[in-house]
Amino acid sequence: MNRSPDAIEIAPGTHWIGALDPDLREFDIILKTANGTTYNSYCVRGSDGVAVIDTVKASHADEFFKRLEQVARYDEISTIVLNHLEPDHSGALPELMRRAPQAKLYISPKAQLMLKALVKSTDLNFNIVKTGDTVDLGGRTLRFFNTPFLHWPDTQCTLVEEQSILFSGDVFGCHFCDARLFNDQVGDFRFSFDYYYAHIMRPFREHVLDALELLEPLPLKLIAPAHGPVLREAPHSYMQRYRQLASPLLHNEVGANNKSLLVFYISSYGNTTLMAQAVVEGAESIAGVRVSLYDLQVCSDLPFVDLIEEADGLAIGSPTINGDAVKPVWDLLSSLVAIKVSDKLGAAFGSYGWSGEAINMIEDRLRGLKLRVPIKGVRARLIPTEDELDRCRDLGKQLAQHLTGTIENRVIPMSELLAQEQSHA
Amino acid sequence: MPKANVTFEKLGITISVPAGTRLIEISEKVGASITYGCREGECGTCMMKIRSGMENMSERSVLEDKVLQENMAGSSDRLACQAQVLGGDITVKA
């Protein structure tokens with residue numbers, strides 16, 4: 001495969017000047033890549049100035065500067081745009097600013113903190129841009145679109161109006177390295193595109209849908225993302241794919257107004273199973289809640305993360321073994337980083353032999369994931385008594401009432417809250 | 001002792017607390033999804049929104065104000081580990 005060191009023209013006067021990283025096999029710890037990635041940077045020439053859009057990872061700066069030097073002199077660069085400040089795009093920024101000190105830097109409002117953390121200088125000059133702001137390069141107009149949380153708070157997209165080119169940052173990108181660059185020339189990268197969405201964008205799908213509202217109406221000829229192929233053939237089809245991926249995977253066939261509560265459990269001797277069944281019984285006594293019960297022993301074989309993404313609440317039952325919740329529970333909880341779970345309702349319960357720490361630990365993790373955990377979990381020493389099973393039923397009932405908005409609203413004295421805490425410890 | 005009623009909007013729970021209580025003391029007990037870092041007003045992790053009743057909260061200290069500004073907080077944001085309730089009704093987004 002040709003690995004030319006040349007800049008590649010993607011439209012008249014607009015070049016790809018990024019870097020190839022074909023040997024990378026693992027990106028940011030969480031992502032695998034079968035053939036590496038690219039750090040895409042672009043150069044836009046107008047009659048009054050030259051803009052550089054994004055830079056590359058610091059380790060690949062030489063490659064980037066060699067390509068940049070083929071299409072522009074440093075003293076011509078009037079504008080630097082960073083669509084996203086993650087180090088794989090901002091790594092060469094300090095050196096670029098040193099070589100082109102006259103250039104004005106344009107970033108989104110939320111990028112300021114990150115810029116200061118990345119470029120340790122007290123003498124930083126930058127311009128904040130929002131949706132609709134423009135920079136005129138002379139016959140080439142850069143228009144900015146604020147698209148936060150794709151996948152950092154700072155992310156934005158930049159359009160070259162006259163060329164209908166969207167520099168999209170990480171969104172619509174993927175980790176796929178192919179020097180042929182354009183989507184109609186590179187190898188089949190569709191799996192990389194979907195995989196990138198699933199691991200990078202999925203937790204932010206509501207923001208993806210907001211951004212699509214902003215970007216879909218644009219009459220684009222080309223999407224130039226910050227990683228992977230440049231999308232010049234059917235660029236809008238990649239937006240449609242994002243819309244498919246960001247739309248709910250499952251539909252609640254029991255009715256749009258029904259809430260969904262998932263009860264997960266795992267049990268050594270059947271005691272936590274009894275408690276899970278009681279939680280379900282209690283929850284089912286409230287109309288308007290669809291309750292589902294799942295055994296976590298088969299955790300790795302079933303798409304529980306997909307179910308949780310669509311659910312309104314989840315209760316997790318675990319025995320305490322050696323002072324901890326059991327591994328399948330932690331496996332499930334650690335998988336939730338791939339989806340948005342904040343503001344869902346959470347609860348924990350379980351049987352124990354000596355100390356019963358698992359419940360508090362699960363509750364803490366649920367709170368750490370920003371779930372609401374308003375009801376103290378239920379613990380039972382070994383075989384649950386009828387009274388303890390009633391408390392499980394009550395837990396399920398209260399969860400369902402929270403979900404349906406029918407919980408009794410009363411003022412709880414702080415002393416009562418502290419007493420609950422004591423009895424639970 | 002004067003009391004304040006603090007409502008956690010997302011939880012749908014109201015707690016009656018003595019005046020002078022810090023929000024962190026209540027939110028931890030009630031199970032609100034506020035995460036904490038240093039608990040000393042320096043890291044900004046526990047920044048939260050006050051929906052109503054800001055007039056019933058303690059004034060921002062110099063330290064809290066500095067950290068809030070650094071985190072580009074709005075006028076309704078407070079640090080749960082620093083802000084105290086003084087009385088009346090307060091609703092927080094948590």
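1. Confidence. Chain B has a mean pLDDT of 91, and 100% of its residues reach 70 or more. The coordinates are those of a predicted model, and for the complex the predictor gives an ipTM of 0.85 together with a pTM of 0.82.

2. The hairpin of chain B. Strand 1 of chain B, residues 3-8, pairs with strand 2 of chain B in the antiparallel sense, and six bridges join the two. Within this pairing, B:Lys3 of chain B stands opposite B:Pro18 in strand 2. Four residues lie between the strands of the hairpin, where B:Gly12 takes a positive phi near 70 degrees.

3. The two faces of strand 2. Which side chains of strand 2 of chain B, residues 13-18, point to the buried face? They are B:Ile13, B:Ile15 and B:Val17, which alternate along the strand with B:Thr14, B:Ser16 and B:Pro18; the latter three point to the other face and are not buried. B:Pro18, the residue opposite B:Lys3, therefore belongs to the face that is not buried under the criterion of 20 or more other C-beta atoms within 10 Å.

4. Pairing across the chains. Strand 2 of chain B also pairs with strand 22 of chain A, residues 411-413, here in the parallel sense and over three bridges. The bridge partner of A:Ile412 is B:Ile15, one of the buried residues of strand 2 of chain B, whereas A:Pro413 has B:Ser16 as its bridge partner, a residue that points to the other face and is not buried.

5. The contact as a whole. Chain B gives 16 residues to the contact and chain A gives 19. On the side of chain B that touches chain A, the elements that give two or more residues are strand 2 and helix 1 (23-30) of chain B, and the largest share, six residues, comes from strand 2. By class, this side of chain B has seven nonpolar, seven polar and two charged residues.

6. Helix 1 of chain A. Turning to chain A, the buried residues in helix 1, residues 61-71, include A:Glu63, A:Phe64, A:Arg67, A:Leu68 and A:Val71. Why can the buried residues of this helix be said to line one face? Seen down the axis of helix 1 of chain A, they fall within an arc of 130 degrees, so they line one face of the helix. What covers these buried residues includes four strands of chain A, namely strand 2 (14-16), strand 3 (19-21), strand 7 (42-45) and strand 8 (50-53).

Conventions: Residues are numbered from 1 along each chain as its sequence is written. Chains are lettered from A and ligands numbered from 1 in the order in which they are written. This is a predicted model: local features need pLDDT of at least 70, side-chain atom pairs count only at pLDDT 80 or more; totals for chains, interfaces and linings use all residues. A residue is buried if 20 or more other C-beta atoms lie within 10 Å of its own, exposed if 12 or fewer, and partly exposed in between; C-beta atoms are placed from the backbone. Two strands pair if DSSP finds at least two bridges between them. pLDDT is the predictor's confidence in each residue, from 0 to 100. Two residues are in contact if their C-beta atoms, placed from the backbone, lie within 7 Å. Ala, Val, Leu, Ile, Met, Phe, Trp, Tyr, Cys and Pro count as nonpolar, Asp, Glu, Lys and Arg as charged, and the others, Gly among them, as polar. The arc is that of the directions from the helix axis to the C-beta atoms.
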